[in-house]
Amino acid sequence: MSDFIALRHITKTFPPNVIALDDVSVSFETGEIHAVVGENGAGKSTLMKVLYGLLRADRGEIALHGRPVQFSSANDAIAAGIGMVHQEILLIPEYTVWQNVVLGAEPRTRWGALDSRRAREAVRAKIAAFGFNLDPDAPVGQISIAARQKVEILKLLYRDVSVLILDEPTAVLTPLEVPQLFEELRRLRAGGKTILFISHHLDEVLELSDRVTVLRRGRKVDTVAAGSTSKAELARMMVGRDVLFAGRPAVHAPGEVVFRAEGVSARDDKHISRLREVTLEVRAGEIVGIAGVEGNGQFELVNVIIGLIQPAAGALSVNGHDLTHASILERRRHIAFVAQDRSRMGASLSASIAENAIMTHHRLNETFARRRWRLDMQQAAAFATRVREQFAVAMSRPDQPFRALSGGNQQKVILGRELLLDRPFLLLDQPTRGLDVGSTEYVREQMLRQRDAGRAILLISSDLEELFSLADRIAVMHRGEIVADIPTAHTSLEQVGYWMLQGREPAPA
Amino acid sequence: MRQKLFAALASIGIALGMGALILLLEGRQPFEVYGALVALSLGDADKLAVTLKNAVPLVLTGLSASLAFASGPVNLGQPGQFLMGALAATLVGLSIDLPAPLMAPLLMGAALAGGALWAGVAALLRHAFNMSEFIVTLMLNSIADLFTAWLITIGGPLAEAGALSPRSPAIASGGRLGDIGAFNISIVVMALAAGAIGYVFHRTRPGYEWRMAGQNTLFARLGGCPVNRNFFIVMLLSGALAGLAGGLLVMAGPYRFIRGIGANYAWDGVMIAVVANSALGATVGYGLFFAALQTGALGMELLTAVPSEFIQVLQAVIVLVSVAGRGYLSALLDRLALRRLTRPSLDTRADTARR
Amino acid sequence: MRIAIGLLNGMLAGATPVLLAALGGAFTFYAGVFNIAMEGMLLVGAFCAALGSFFSGSWVVGVVCAIAGALGLSLLFILFAIVLKTDEFVTGIALNLFAAGATTYLLRQLFGVRGAFTDAGIQAIPRVDIPIVAQAPLVGEVFSGQNLIVYVAALAVLGCAWLIFRTPFGLRLRAAGYNAPSLESSGVRPAHVRVAALLLCGVLCGLGGAFLSLGYVRLFAEGMSAGRGWIALAAVILVNGNPWGIALITLLFGLADGMGLFAQGVGVPAQFTGMAPYIATLIALFVYARRKQGQRVGQA
């Protein structure tokens, strides 16, 4: 087998200050499943986007069958037989399955109109040929995440690609959906397709792939055969040091109930019920984790607690203060909140660090609230410096724009701001999403320290391993309901995965 | 700060160059034309005084637009709010006669209220029914224009008896703003208003909340800021500034409401805010600059026979060049910063490539 | 009966330029471009139409010039918003200012007049009699003998609806607005789709502008677009870009316009009747907002 695709000396930088790939060379062979692994920010996705033509490398070349090629768009890559399924699924929810599949390569009638009959037939034929279980006329907005991923793959098969790039395909799946995907991928390999598989889940990588390439901080560490390596070795290559795989057992007794939600229900714009009678308690000195496939009510739960959505029924309270219909400001007297999306909800990127640091404090913190009108920007700067010192933020001056900070430092400022509010209840929505390893570790440590200091913490995370290593109890959400609420010590990844997917206990075997 | 100043000067330079090109194509002498422009707007104290007086409505409507844009509301209603402010000042000035120290503040108050009221209609519709203030303020502009035109039309309820052109009678003398030396008092009022707005916006808690909401409403809302109430207040304040512009124009100039009183300032406020990127300081600067252009334009026509409308084209070119230059310049600076960074100290770069 | 026919004719005349501009806006709306430059495109179209017709003595040249002029503004929009990635709102505002300034200046420079330019040498766009229909009583008076552009606008509704909903271009156009990264990953550059949408918008606004200066009058006046581009924008937003909805709603605006003319006939001051389309827009916005609010019970 010869090198089918060769990437040579690829270097890619992002203005203003990121070097994403540094002289990376790697080759792929026909008919293999080749995993590319690395931590967040190691450059896996960037490398694949360069190959796919979505990004242009600053230096280096791509060779296909020994001939150098330069893809200037995804179209070029697809024409050459290379297709990519992105980490965030890129489909149009308003369109049906077949419309999504043919978009960009539509069959036409003699008059130049869209030949929807022919398009539908072609899609139906591909679905049958690869044994996918999909309805071509279903609107994509109404099918499951796993089904959407299949549509993405189908889109590429419709274009007759021979290489499929999958960017963290299992990240959006529950543990139970993963084996099915792997089976389909093996079937595709048997059909002669080459599969490039990006992941940071080492068990999956070892199970599925033939060869593994490890990236670390934009550089290639090595390419090894999956059969001749181990999880520990891969982890060492990824992180550059030995890593311990161990959870952190909770050894303490939680105190009084701090946060309580009772029978909380909520509907969306279209009157569709999104939260159904959610009842939940979080005690002082306890971390409760919310697990669930994305879109099963976690978003609505957070929004109801923080006050962006009014509940249709039920009651919320913190330490006995009824917050069901309170204003957001009133809630913030009791709740510290780290939002999922830093740039959309957690900060203003164009404001200075100091201006970001004093949000909420400007009304509730003694230092600022003493004066009725004036806001002392020197005090704000001093406060930002305090956040920097207490939370190890790497920044030069408080009047720097917030966007100049790295993602990890931005999150530290936000976390610091919220923790300095000194509230009994912490609502943390995906607090480590998109952070590098160091910052993730830091945020997790802070959570445990807050727990030990007697705060009640509600942690929403799509990373099950994170929940299992931090939470004392895990509540599983399914279709807007809490279908399980169980001490972490009494459950397993598989069981939680089953609840997430099915909404009920696995039937006894 | 210095970069921004440099960018602004560069854009103006390029725009003037393009204007010169247009003049050359028409067989004129650009230096002569620009020279006349400067000489007749800034040449001596009297001309400077005229320029500053002409700057009053430009700076105030510019601040009205900048304050709104930087705080969130898309208030494009300066033309209408300007007219309603001018109308309110005229109405009060026609019906009451007090000594000047009482009368002038009273008329200014009326102008502020008139503008705020008209903006308040849009704010209320937004608040109660979630109607986009962007289109509502535009429609209210046309309605205010037609309504005031009807009031002063010959034979209309507010028309001056026997006048040959559409205009109201003159306001009581107490409401007329005189000069200090060569300089009209309305210039002082403008400076005070600009200072007050700048202080509130940059040094107070409400100003902080407005700025944060203007940059990211959801962030401000989750941080506990009463964004809906702030929206309302900013709309009223923005309308009041535009109204004050209209009132001062009546009080400093013709002392009456005449047809087309706001026509020259219709979109100038929004234009200045756009060029200034909604920064208050820059708004004042560009307001003065455009006032100099417009003041010099009339003299330029007399001296060089270049139609004064040339200035409108020049202004539009300045807007386009500086707006486009802003995006280009920041990309350029990013690239330069990267080049400095690519060599040493690669430790921090890991954090990174998720895009 | 005479009144009804007059009203209908007034409605069609009032609706046509707004309809054309709004159809142009529909393309950019679906493509996900926040295009508020229709006002300026109409104005430049009207100016260039008068200019072309005056210098050539032919309305055909006038219409071609109108389209070329509005396309020029489209190209500027493309240069700023798509190539240089300037904010779309700011670009639109700047282009509207540019259109107002440039037409005022050129009016003075080329024709030496302020305010308005009219001349017997300007040839208007002709009316078209439709055989057979013209003979029918009543029906003939409304459906035949209208200005050519009125029929073009009616056909444009059909054409736009076909293009948006029945062709591969339409599928891509809507995809660009719904989810541009998705379209990109399907191998189609959203920027190309947006460029096409803006060019189509230019053509349609050019036609609308030509109707303003060469339709029922033969003159160009400063600011003669008079907010029609903004009303068109409101129409687009109100019906989410749907061409049929746009046709319906702009006819309603036209009706308000026509009723204004009628009211003027019975002694209502012209300034008040002139407010009709703006007030109609506010009412339409209100109805739209209420409907949306009704869907959102139980939410903050």
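**Entry 1: the sheet in chain A**

I began with strand 3 (residues 33–37) of chain A and found that five bridges join it to strand 8 (residues 194–199) of chain A, the two running parallel. I note at the outset that I am reading a predicted model. Within this part of chain A, I looked up Ala35(A) and saw that it stands opposite Phe197(A) of strand 8. As a reminder to myself, strands of a sheet pair through backbone hydrogen bonds, either parallel or antiparallel.

I then followed the neighbours outward and found an open sheet of six strands in chain A, with the order 6-7-8-3-9-10 and mixed pairing. Its edge strands are strand 6 (82–85) and strand 10 (219–225) of chain A, each of which pairs on one side only. Ignoring direction, I noted that neighbouring strands of this sheet are turned by 20 degrees against each other on average.

Next I asked which strands helix 6 of chain A lies across. Helix 6 (residues 178–190) lies across strand 3, strand 7 (163–167) and strand 8 of chain A, and it runs at about 150 degrees to strand 8.

**Entry 2: two helix pairs in chain B**

I turned to helix 3 (residues 45–71) and helix 10 (residues 227–252) of chain B, which pack at an angle of about 175 degrees with their axes 8 Å apart. Since angles over 145 degrees count as roughly antiparallel, I wrote down that helix 3 and helix 10 of chain B are therefore roughly antiparallel to each other. Among the residues making this contact are Leu60(B) and Leu67(B) of helix 3 and Leu241(B) and Leu248(B) of helix 10. By class, the contact has 16 nonpolar, four polar and one charged residues.

For helix 7 (residues 185–203) and helix 8 (residues 205–215) of chain B, I found an angle of about 75 degrees, with the axes 5 Å apart. Helix 7 and helix 8 of chain B are therefore roughly perpendicular to each other. Helix 7 contributes Val200(B), Phe201(B), His202(B) and Arg203(B), while helix 8 contributes Pro206(B), Gly207(B), Trp210(B) and Arg211(B). I sorted these residues into four nonpolar, two polar and two charged.

**Entry 3: where chain C touches chain B**

How many residues does each chain give to the contact between chain C and chain B? I found 33 residues from chain C and 31 residues from chain B. On the side of chain C, helix 4 (88–111), helix 10 (228–238), helix 12 (270–274) and helix 13 (276–294) each supply at least two residues, and the largest share, twelve residues, comes from helix 4 of chain C. I recorded this side of chain C as 20 nonpolar, ten polar and three charged residues.

Conventions
Residues numbered from 1 in each chain as written. Chains lettered and ligands numbered in written order. Predicted model: local features only at pLDDT ≥ 70, side-chain atom pairs only at ≥ 80, totals over all residues. Axes fitted to C-alpha atoms, helices over the stretch in contact; angles between N-to-C directions. Helix = DSSP H or I, 4+ residues; strand = E, 2+ residues; numbered from the N terminus. Parallel < 35°, antiparallel > 145°, perpendicular 65-115°, else oblique. Contact = placed C-beta atoms within 7 Å. Nonpolar A, V, L, I, M, F, W, Y, C, P; charged D, E, K, R; others polar. Pairing = 2+ DSSP bridges.
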